[in-house]
Amino acid sequence: MSRIVILGAGISGHTAARYLDKWLGKKHEIIVVSPNAKWNWIPSNIWVGVGQMSEEEVTFDLAEVYNKTNVDFRQAKGLSINPEGSADSDKAFITVEYTLEGRAGEQENIEYDYLINATGPKLNFAATEGLGPDHGHTVSVCTAGHALEANEKLQVVIDRMQNGEHCTLVVGTGHGMCTCQGAAFEYIYNVDHILREAGVRDMARIVWISNEYELGDFGMGGVHIKRGGYVTNGKTFAESLMVERGIEWITRAHVKKVEAGLIHYETLDGEFHEQAFDFSMLIPPFAGVGLQAFDKAGEDITSEVFAPNGFMKVDADYTPRPYAEWSAKDWPRKYQTPKYKNVFAVGIAFAPPHPISKPMQSSNGTAINPTPPRTGMPSATMAKAVAMSIRDMVNGAAEPTHSASMAEMGAACVASTGSHVFKGTAATMTVFPVVPDFEKYPEHGRDIELTTGEIGLAGHWMKYILHHTFIYQAKLKPGWSVLPD
């Protein structure tokens with residue numbers, strides 16, 4: 001019997017867990033470790049953040065679902081990995097600390113035969129002074145709880161506008177190295193929509209602030225899309241949406257400090273600026289969750305296993321190269337760590353070899369460029385591939401049998417631009433591949449026939465249906481395994 005331990009129960013971790021349970025659960029041991037009691041469909045947090053959905057509609061209890069399976073769920077956070085075992089045993093193990101009420105603070109070593117690191121990111125609000133809902137002056141939609149607070153503060157501003165006060169709302173990224181521009185992109189349009197529904201749009205100035213070089217970069221180096229029979233770039237697509245809705249934008253910006261009602265930011269030209277606000281939702285930069293690693297003698301090998309940003313190194317080519325020498329081949333395919341063949345990392349937990357967007361620095365030496373997105377559809381795809389590889393390795397395969405390179409996979413994104421049964425809209429985009437391959441597609445780096453974008457009511461209904469479909473699937477309801485990931 002093999003024991004497979006999965007650190008994290010988000011999109012990647014839960015995807016791996018449910019497939020491994022389906023394929024191996026009756027013959028092998030599967031343990032899921034997560035500090036969170038609830039699973040959260042994060043893409044719908046933007047609707048919670050404008051009062052269009054409740055927390056209960058985007059979350060469910062993990063233990064309740066896993067109790068119906070062969071998965072052993074431990075509500076705990078990972079502290080460290082000992083991939084070589086210890087002086088007393090050759091068996092690899094992880095050390096966890098329980099967050100479950102009644103066991104909080106209790107530590108335990110859990111041995112494993114295979115380990116999947118699917119921890120997701122640390123929301124690194126501390127990287128920018130004054131950022132975030134806990135110790136700062138901005139709100140977030142990165143968790144369901146954050147989104148609830150965001151809506152509460154948004155409603156206060158709406159009340160002020162209904163009483164005749166003009167207000168400024170700023171949405172975007174809160175650091176020069178942020179990823180997840182897509183979540184902020186969705187949120188700003190839903191804020192615009194909810195203000196129109198409340199009859200106060202004319203009282204609001206809405207400003208987008210981002211570390212993107214141009215609108216529509218999304219951490220993917222921009223995109224050319226086929227729309228209505230012609231090819232346009234993501235910049236034109238994104239700018240047209242903002243112009244139509246009267247949204248201003250600031251790009252090439254690194255938010256360096258936030259004070260109450262005031263954002264301080266630096267731009268690529270080295271200039272420093274300020275932007276006043278009455279309400280602001282800024283996405284934080286991501287970092288690894290802080291896992292450490294030790295060898296058999298107890299020596300710290302964290303720097304060997306993890307990149308400086310805390311994400312786990314896998315089968316990518318991390319050789320430093322100039323931007324002109326970056327290649328699609330640099331990206332991992334199997335998500336297996338180089339030295340420890342029974343350890344994998346998926347989703348945001350793996351370290352990308354380099355950004356997708358061109359690296360930029362201001363004249364002051366400040367890095368201002370998006371880091372690569374690794375969420376949503378790609379996260380599930382790589383998690384399923386790793387689960388298939390482990391299934392086969394448990395059954396005798398010497399090496400991983402499946403791959404899921406972001407330079408070889410496509411992704412579909414349905415970005416809400418306003419939730420309403422009749423007046424809602426969403427931008428529906430497909431990209432292939434996620435990481436551009438200019439050797440295979442010299443003109444745009446992507447297959448233009450498979451890279452498309454449209455916006456309309458149909459997109460809103462698609463996103464709404466997908467919300468319910470993915471939660472149904474994640475709850476392991478009948479027929480879940482035949483639904484798309």
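In this report, two residues are in contact when heavy atoms of theirs lie within 4.5 Å. By that rule, and leaving aside neighbours within four places in sequence, Thr-428 is in contact with Cys-413, Val-414, Thr-452, Gly-453, Glu-454, Gly-459 and Met-462.

Before going further, please keep in mind that this is a predicted model, in which local features need pLDDT of at least 70 and side-chain atom pairs count only at pLDDT 80 or more, while totals for chains, interfaces and linings use all residues. Residues are numbered from 1 along each chain as its sequence is written, and side-chain values use heavy atoms, with hydrogens and water left out.

## Thr-428 and the cysteines

Helices (H or I, at least four residues) and strands (E, at least two) are DSSP runs, numbered from the N terminus. Thr-428 has its place in strand β23. Accessibility comes in three classes, computed with a 1.4 Å probe on protein chains only: buried is under 20% relative accessible area, exposed is over 50%, and partly exposed is in between. With a relative accessible area of 22%, Thr-428 is partly exposed. Its C-alpha atom is separated by 21 Å from that of Ser-210, and the two residues are 218 apart along the chain.

One of the contacts of Thr-428 is Cys-413, which leads to the matter of disulfides. A disulfide is a covalent bond between the sulfur atoms of two cysteines. Here the term is applied to a pair of cysteine sulfur atoms within 2.5 Å, and by this rule the count comes to zero. Why does Cys-413 have no such bond? The closest cysteine sulfur, in Cys-180, is 10.0 Å from the sulfur of Cys-413, too far for a bond. Cys-413 is partly exposed, with a relative accessible area of 41%, whereas Cys-167 is buried at 2%.

## Two helices that cross

Helix α1 (residues 11-24) and helix α8 (residues 377-394) have axes that come within 8 Å and cross at roughly 35 degrees. Axes here are lines fitted to C-alpha atoms, for helices over the stretch in contact, and angles run from 0 to 180 degrees between N-to-C directions. On the α1 side the contact includes Ile-11, Thr-15, Tyr-19 and Trp-23, and on the α8 side Ala-380, Lys-384, Met-388 and Arg-391 are among the residues involved. By class, this contact has 12 nonpolar, three polar and two charged residues. For that tally, Ala, Val, Leu, Ile, Met, Phe, Trp, Tyr, Cys and Pro count as nonpolar, Asp, Glu, Lys and Arg as charged, and the others, Gly among them, as polar.

Ala-398 lies in the loop between α8 and β22 (411-416). Ala-398 is exposed, with a relative accessible area of 69%. Although Ala-398 and Lys-341 are 57 residues apart along the chain, their C-alpha atoms are separated by 9.7 Å.

## The annotated domain and Thr-128

An unreviewed UniProt entry lists residues 3-174 as "domain: FAD/NAD(P)-binding"; such annotations may be inferred rather than shown by experiment. In the model, the span is 24% helix and 31% strand, and its end C-alpha atoms lie 40 Å apart.

Thr-128 is found in the loop between β9 (122-123) and α4 (144-162). Is Thr-128 buried or exposed? At a relative accessible area of 2%, Thr-128 is buried. Not counting residues up to four places away in sequence, Thr-128 touches Gly-174, His-175, Val-255, Lys-256 and Lys-257.

## Backbone points to check

Most residues other than glycine have a negative phi, and most peptide bonds are trans. The peptide bond from Phe-432 to Pro-433 is cis, with omega near -10 degrees, and Pro-433 lies in the loop between β23 (426-431) and β24 (452-456). Two residues other than glycine with a positive phi are set out below.

| Residue | Phi | Location | Relative accessibility |
|---|---|---|---|
| Arg-252 | about 60 degrees | loop between β14 (248-250) and β15 (253-259) | 26%, partly exposed |
| Leu-476 | near 60 degrees | segment after α9 (457-474) | 21%, partly exposed |

## A strand residue and its distant partner

His-273 is found in strand β17 (residues 272-276) and counts as partly exposed at 31% relative accessibility. Leaving aside neighbours within four places in sequence, His-273 is in contact with Ile-263, His-264, Tyr-265 and Thr-267. From C-alpha to C-alpha, His-273 and Gln-75 are 44 Å apart in space, with their positions 198 residues apart in sequence.
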